[in-house]
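Dear colleague,

I am passing on the structure below, together with some notes for a first reading. Please keep it open beside this message as you go through them.

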Amino acid sequence: MIPKYSFSQNKKEKESSDRIEKKVDSLIAIMTLKEKIGQLVLYNGSWDVTGPPSDVGNKEKYEKLRNGEVGAMLNATSVAGTKELQKTVIENSRLKIPLLFGYDVIHGFKTIFPIPLGESASWDLEAIKKSSSIAAKEATASGINWAFGPMMDISRDARWGRVMEGAGEDPFLASKIAVARIEGFQGDDLSKNNTLAACAKHFAAYGFAEGGRDYNTVSIGEYELHNTVLPPFKAAVDAGVASMMSSFNEIDGIPATGHKGLQRDILKKTWDWDGFIVSDWASIAEMVFHGYAKDKTHAAELAMNAGNDMDMEGRAYEAGLEQLVKQGKVDEKLIEEAAKRILRVKFKLGLFDDPFRYCDENREKKDIYTKEHLEAARDVARKSIVLLKNDKNILPLKKNMKSIAVIGPLADDKDTPIGSWRGMATPNSAVSLLEGIKSKVEKTTKISYAKGVELGVGERSFVRDLKVNRDDFSGIEEAVKVAKDAEVVVLAIGEEAFQSGEARSQVSIELTKPQQKLFEEIYAVNKNIVVVLMNGRPMAISNVAEKAPSILETWHLGSTSGSAIADVLFGDYNPSGKLPVSFPRHVGQLPIYYNVKNTGRPVNADGMVFWSHYTDEKNDALFSFGHGLSYTKFNYKDFKISSPSFTTGGDLSVSVTVTNVGDRKGKEVVQLYIRDLFGSLTRPVKELKDFKIVELNPKESQTVTFKIDEKTIQFYTANKKWEAEPGDFKVFVGGSSKTDLEINFSFKK
């Protein structure tokens, strides 16, 4: 079982938690039912806070705020705003319980880091932790003490726009990254004014939305739920995450917000977690639309009984809970428990000691968008770039080349690199690719630029669909002229920032037709093309991958995007990123992921058609999970195992010698995979179980060792529990999930 006070590690911290619990109990004892319910209410605080709001809806909210009937606010993003709102509560309410201030701090606050999917491609847990700690420092300097992140939904369908917000397709990697982000946000002491409460989301299975369509239903079995979806959330609990957010989707007929099995049974009882659950925006009230609740009051009853503690902008709890208690449909003890969970986090944040500890105007002036933060963002951005292909060793480019043609709709775009879910970023503030290239080359190098085609056209907004150019090819002729005589072409294509993110699901994940034609026309006159792919999801780029000699996957890299890409293009940084998701050959393969299960007919055994395959495309990914090249090459040899078997309580180790056989210093992510050959449930053909990053000079070797024990091979079995089953296994090691360097071993009980 997880210790009740998951933040506590030593006697002093345990005593502190005990004191907090006594204070929470004392406060609850004097609270009225209405005040307890008030703690469960989360309002949008983006309205004018200089005085009472003028519109009727916000006037009502303001009066509830004054009366202490609101527990938290979101979207108040300045010291002036949060200070005024906090002051309203402290000066006017009976119990003066301070507010939580939440915000979507997803990949930075003002200084923007790579989108989470891109950052995950670094596989660098310390870098990811640092980016979250900087985001926390900036957000808390603006009055915020609660982040709606990290998102840890496993997703294997690139049509889903929110794939950009998570860590990809693998539960092991996603778990490690989730912990790094939580540790970055929360630090080692939540009461420090530069740390904030994290929120693990979305609980659960949101990334399995049918057809990749956001908010859609989810059909998932119990065993896949436990083995694939829940591990990152369990890791978050073990890391002491302060809060969790329930998801929009239903799971096998029950909306997650009203799912007792997930929230009350697994999360709160089995995992013994003491944080609080917040609904996603209005998801309690939305159970009416799901057809699970007959009205908003019924939805409040279902959500509270299921274990959802806080209502985000749904207005269901404040409207219905008091009545439901009087009717005997909701036990007041459940409301009390929910209020305790929220108050506990407020005490841990130090808000009762100083409600204004996050309202420091001096910090707001000096701790946001600093040179130091931008340098850190550039470092993380470089680490997030994945070299997908470099057949003719065109990369790295020389800084004294005679001419470079920089072409494409994203080449001089200063806004798309910021990505979706961009916090408080200033629009058009990123370093563009064109700017980055110009800053690198010598004065004698001629830089020519052509946009080629438009990508996003019309209004660019987080809350409106983006119109994408699909039929205007004007500009290609000019681009071809620019490309024709250049020594090399750097072609920046992909997706606009607002093509991915929440509600940005697409049936097409290919390049738009104008972009595809742009590539084809340029390739016809100049085959020395470096494709710089900017995107928020895996894309189906088979036609480009077949022809282009070099492809860099650069995601949406944030504030310093162009500088980071230029660092890699010109060899000042040797790319080391590895894909956290598989890139399909065709959208028809989706969902696609490396850790599949075998069918009863996995291979073509006799030349006949009766095996699991497509007749018009290969089964495997275009670029597999874990793939990523370098400007040097790494050789794996002397793969050894300490013993052919181990027993209960024991372990064994495997080792491999990795040698940099190239002429450049470089980093390699050494990946360990396991295959359980048979079990009480069918098992994947390969599962990531560990990885280590090594940095080697030319001709340098290093022996990398991994330990394998019962925890390594355990899974949620047919016995409905996590355990290691005896049997035969294969262990693989290499630079991607495609590795075939293997050794057999067995586990015996």
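In this predicted model, the largest nonpolar core has 81 residues, and those with the most contacts inside it are Ile407, Trp555 and Leu569. If you would like a place to start looking, Ile407 touches, beyond its neighbours within four places in sequence, a set of residues made up of Ala450, Ala479, Val482, Ala483, Val489, Val490, Leu491, Ala492, Leu518 and Ile522. Apart from the largest core lies another one, of 53 residues, which includes Ile144, Ala204, Ala205 and Ile251.

Two helices may be worth following next. Helix H4, which covers residues 79–92, has 14 residues that at 1.5 Å a residue should span 20 Å, and because its end C-alpha atoms are 20 Å apart, the expectation and the model agree. Within H4, the buried residues are Val79, Gly81, Thr82, Leu85, Gln86, Thr88, Val89 and Ile90. In helix H8 (residues 222–229), Leu225, His226, Asn227, Thr228 and Val229 are buried, and the elements that cover these buried residues include helices H7 (171–186), H9 (231–238) and H10 (260–270), along with strands E25 (715–716) and E26 (722–723).

Finally, turning to the surface, Met608, Val609 and Phe610 make a nonpolar patch of about 320 Å². Phe610 is found in the loop between helix H21 (561–569) and strand E19 (634–641), and Phe610 counts as exposed because its relative accessible area is 54%, where the cut-off for exposed is over 50%.

With best wishes

Terms used
Residues are numbered from 1 along each chain as its sequence is written. This is a predicted model: local features need pLDDT of at least 70, side-chain atom pairs count only at pLDDT 80 or more; totals for chains, interfaces and linings use all residues. Side-chain values use heavy atoms; hydrogens and water are left out. Patches are made of residues with over 30% relative accessible area and no salt bridge: like charges are joined within 9 Å, nonpolar side chains (Val, Leu, Ile, Met, Phe, Trp, Tyr) within 5 Å. Accessible areas come from the Shrake-Rupley method with a 1.4 Å probe; for residues, only the protein chains shown count as cover. A salt bridge is a side-chain nitrogen of Lys or Arg within 4 Å of a carboxyl oxygen of Asp or Glu. Helices (H or I, at least four residues) and strands (E, at least two) are DSSP runs, numbered from the N terminus. Buried means under 20% relative accessible area, exposed over 50%, partly exposed in between (1.4 Å probe, protein chains only). The expected span of a helix is 1.5 Å times one less than its number of residues. Contact means heavy atoms within 4.5 Å. A nonpolar core is a set of buried Ala, Val, Leu, Ile, Met, Phe, Trp, Tyr and Cys residues joined through side-chain atoms within 4.5 Å.
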